[in-house]
Structure formats: structure tokens, C-alpha cells
Amino acid sequence: MQRRISFFLVLAICLLVTRSLFTNQIVRGDDSDFHGARLANYYLALKQGQLMPAWAPNLNYGFGYPMFLFSYQTLYLMGAIFFAMGSSIELSLNLVLVLSVLLAGIGMYIFSMIESK
């Protein structure tokens, strides 16, 4: 019973922290605008048939850029899934951030349960 309460407390704290992300606006940050453009290009590359996208087709003034060879792709893959389900680019990025905070909280909870045995 104690573990369930602490698990739901961790989830509640994570949702409380991310409550401002459930909007259709990109969070202000150093490169948050660029993440929106990269997500749109990642989705476009997937639609063009690149299974593991390496080339961002619309970056570099429409000439393309090998963006995804040098950056992490998990963020853009999860965002492309949300975007394909009908969310906007902004909401897709925010949902990925919410999901990553929730997964981090759950991971810390599981790690602390393993270490406390």
C-alpha cells in the first residue's frame, strides 16, 4: 500500500511540474524553435520513406541538411508519432517533454525501490 501511494505521489508531482506544457505553445528556451523545425523535417523525412532519417529535406534554405546524423532521434521519433496522430508541432514537442518527465519520475521510483531492498 505504501508503495502505491508513493508511486502515485511521484506521478502527481511530475504532472504538477509539467502542467504548463499542456498548451499549444512552444516552451521558451535557447533552441526550442529549432526543435520545432527539426521535428517537422523528421516527419517529412519519414513520409518520404527514410526509415532512419539522416537528411532533413527542408533545412539549409531548402537544399537539405544531414541533421539527424549528428543529433539524437528519439525526441523527434516520439514527436513524429504525436504529430502523425493529429497534434500540432508545438503540442507534439510539449507532449514529448511531458512523457520524458513522467518516464524519468517512474525510472527514479523504480531505481529507488531496487536500491531500498
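Where is the place of L77? L77 sits in helix α3. Helices here are DSSP runs of H or I with at least four residues, strands are runs of E with at least two, and both are numbered from the N terminus. The model is predicted, so local features need pLDDT of at least 70 and side-chain atom pairs count only at pLDDT 80 or more, while totals for chains, interfaces and linings use all residues. Residues are numbered from 1 along each chain as its sequence is written, and side-chain values use heavy atoms, with hydrogens and water left out.

L77 counts as partly exposed because its relative accessibility is 40%. The cut-offs are as follows: buried means under 20% relative accessible area, exposed means over 50%, and partly exposed lies in between (1.4 Å probe, protein chains only). L77 and F8 are 69 residues apart in sequence. Their C-alpha atoms are 28 Å apart in space.

Helix α1 spans residues 2-17 and includes V17. V17 counts as exposed because its relative accessibility is 57%. Together with L9 and I13, V17 makes a nonpolar surface patch of about 290 Å². Patches are made of residues with over 30% relative accessible area and no salt bridge; nonpolar side chains (Val, Leu, Ile, Met, Phe, Trp, Tyr) are joined within 5 Å, and like charges within 9 Å. A salt bridge is a side-chain nitrogen of Lys or Arg within 4 Å of a carboxyl oxygen of Asp or Glu. Accessible areas come from the Shrake-Rupley method with a 1.4 Å probe, and for residues only the protein chains shown count as cover. A12 is also found in helix α1. A12 is partly exposed, because its relative accessible area is 42%. The C-alpha atoms of A12 and S32 are separated by 26 Å, with the two positions 20 residues apart along the chain counted as their spacing.

Aromatic rings were examined next. The whole structure holds seven aromatic pairs. One of them, Y42 with Y76, is tilted, at 6.2 Å centre to centre and 35° between the planes. Rings of Phe, Tyr and Trp (its six-membered ring) pair if their centres lie within 6.5 Å; planes under 30 degrees apart count as stacked, over 60 as edge-to-face and the rest as tilted. This pair links distant parts of the chain. Y42 belongs to helix α2 (residues 32-47), and Y76 belongs to helix α3 (residues 74-84), 34 residues apart. Both Y42 and Y76 are buried. The two tyrosines also join F68 and Y72 in one aromatic cluster.

Helix α2 also holds L39. L39 counts as buried because its relative accessibility is 0%. L39 and S92 are 53 residues apart along the chain, and their C-alpha atoms are separated by 8.8 Å.

The loop between α2 and α3 contains P57. P57 counts as buried, because its relative accessibility is 14%. P57 and Y42 are 15 residues apart along the chain, with 8.5 Å separating their C-alpha atoms. N60 is found in the loop between α2 and α3, and so is Y61. Phi of N60 is near 60°, a positive value in a residue other than glycine. Phi of Y61 is near 60° too, again positive in a residue other than glycine. N60 counts as partly exposed because its relative accessibility is 42%. Y61 counts as exposed because its relative accessibility is 79%.

The largest pocket holds about 150 Å³ of space. On a 1 Å grid over the protein atoms alone, a pocket is an open set of points with protein on both sides within 12 Å along at least five of seven lines, whereas a cavity is a set where a 1.4 Å probe fits but cannot get out; lining residues have an atom within 4 Å of a point. Grid points are joined across faces, edges and corners, and a volume is the space filled by probe spheres set on the points. Residues lining the largest pocket include I26, R28, D31, H35, L75 and L97. Helices α2 and α4 (89-115) each supply at least two residues of this lining. The largest share, three residues, comes from α4.
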